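Trainee: Please show me the sequence and the structure. I would like to go through the ligand site with you.

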Amino acid sequence: MSGWIPLSVDATHGGADPRLAGGRLTIDLAALAENYHLLSRMAAPARVAGVVKADGYGLGVGPVAQTLWREGCREFFVALPEEGIALRSVLPDATIYVLNGLFGAEAVPAYVAHRLTPVLGSSSDIASWEAFGWDGDVPRPCAIHVDTGMNRLGLTSDEALRFIQENALTGAVTPLLLMSHLACADTPDHPLNLRQRESFQAVRAAFASVESSLANSAGIFLDSAFAFDLVRPGIALYGGSPASAALNPMQPVVTAEARVVQVRHAKAGETVSYGAHETLRRDSLLAVTSIGYADGYHRAGSSAGVPLRDTSAPAAEGFIHGKRVPVTGRITMDMTIFDVTDLGAGAVAIGDHIELFGRNVPIDEAAAATGTIAYELLTSLGRRYHRRYVGFSE
Ligand SMILES: *Cc1c(COP(=O)(O)O)cnc(C)c1O
């Protein structure tokens, strides 16, 4: 891909030399592009914006945003003004919405300097944005966030209606977008989905000439009536399942693998890892890998000795040479041990890599087995993996 501007040392390749890193991440930008087009077909005629907060969900905002732009995406959402500034250096012409609010009057000059569009969700933020004055003879653009049931950010419906009436008289700002956020989109039958849509519709009627946006990834899969003018997927672009129960239609984008640094024989009756919670039931072959909870492979995925194991799914599993291999014992900060006995002696060698999630272990399964969701798995990956981007042409 031409014209990349790496945002950090490891935005285009890993901080670590591949020969020296404890694990590697492969990020498939062709799969990202495919996911963007699948969502575009589903949401049409609504446009698809790219939600690239938290460094593109941990994948690297530079390569992610440039791929989406190349595929036709023109609107982007980040959480923080700093993220907006970084994204502006990559995409000079994109519309960049900043979700978390304005951060007060002191932050306004940064928004103006980098042409960031704030998502205003409180009266005080609206007042700060109005006070900064017009840009030439055009009132400054913004999005208006109305809360319809999340109780996180956003004006109440009454405040939003009052705002649009006053703004019609003063013309103090230019609302480009009216938005709200769904609390339960990943639970299609939840009654709050319809209630939120109805509250949103009611406010929308007063914002006659303003475009509107309600759906995140899961919202796109609810019903076309949730799409409005612009949808805001994040996790589905990156390969996570947009609906909890349904089959995941998205292409996997990220593969995380852990380097095998030792293969050891252990005897039946011996224990493995901290706390000695895992006792081997047979003579075993153990592959020790150089990835741990400091790399976002959460400790809750341990086979024993963590609260999750008393309540739910089996331990996390890796994949190597065509077979699933379970985590054995506790996951530690920098190392995770897998039971590779079933592959037989000699099958797994030092320097091999065990897939933690990717094509063979779905990301949502790895997340569930480690007590979390794909969002947290991706945003916890950290800085120690070697990263490589594939699936783009120069
Ligand atoms: C993070 C976020 C999104 C994207 O959500 P996904 O579930 O990842 O698709 C959309 N809208 C808002 C307001 C968000 O905070």
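Mentor: The turns below take up model confidence and then the ligand.

Trainee: Which residues have a pLDDT under 50?

Mentor: This is a predicted model. The chain averages a pLDDT of 93, and 95% of the residues score at least 70. One stretch, for which the model has 34 contacts beyond four places in sequence, stays under 50: residues 1-12.

Trainee: Which residue has a side-chain N or O atom 2.5 Å from an oxygen atom of the ligand?

Mentor: Among the 14 residues around the ligand, those that come nearest are Lys-53, Tyr-57, Ser-217, Gly-234 and Tyr-375. Gly-234 places a backbone N or O atom 2.8 Å from a ligand oxygen. The side chain of Arg-152 has an N or O atom 3.2 Å from a ligand oxygen. The 2.5 Å distance belongs to the side chain of Tyr-57.

Trainee: How much of the ligand's area does the protein bury?

Mentor: The ligand occupies the space of the largest pocket. The shell around the ligand consists of seven nonpolar, four polar and three charged residues. Taken alone, the ligand exposes 390 Å², and the share of that buried by the protein is 93%.

Note on methods: Residues are numbered from 1 along each chain as its sequence is written. This is a predicted model: local features need pLDDT of at least 70, side-chain atom pairs count only at pLDDT 80 or more; totals for chains, interfaces and linings use all residues. Side-chain values use heavy atoms; hydrogens and water are left out. pLDDT is the predictor's confidence in each residue, from 0 to 100. Contact means heavy atoms within 4.5 Å. A residue is near a molecule or strand if one of its heavy atoms lies within 4 Å of it. A polar contact is a pair of N or O atoms within 3.5 Å; within protein, one must be able to donate a hydrogen and the other to accept it, and residues adjacent in sequence count only if both atoms are side-chain atoms. Accessible areas come from the Shrake-Rupley method with a 1.4 Å probe; for residues, only the protein chains shown count as cover. On a 1 Å grid over the protein atoms alone, a cavity is a set of points where a 1.4 Å probe fits but cannot get out, and a pocket is an open set with protein on both sides within 12 Å along at least five of seven lines; lining residues have an atom within 4 Å of a point. A molecule sits in a cavity or pocket if more than half of its atoms lie within 2 Å of its grid points. Ala, Val, Leu, Ile, Met, Phe, Trp, Tyr, Cys and Pro count as nonpolar, Asp, Glu, Lys and Arg as charged, and the others, Gly among them, as polar.
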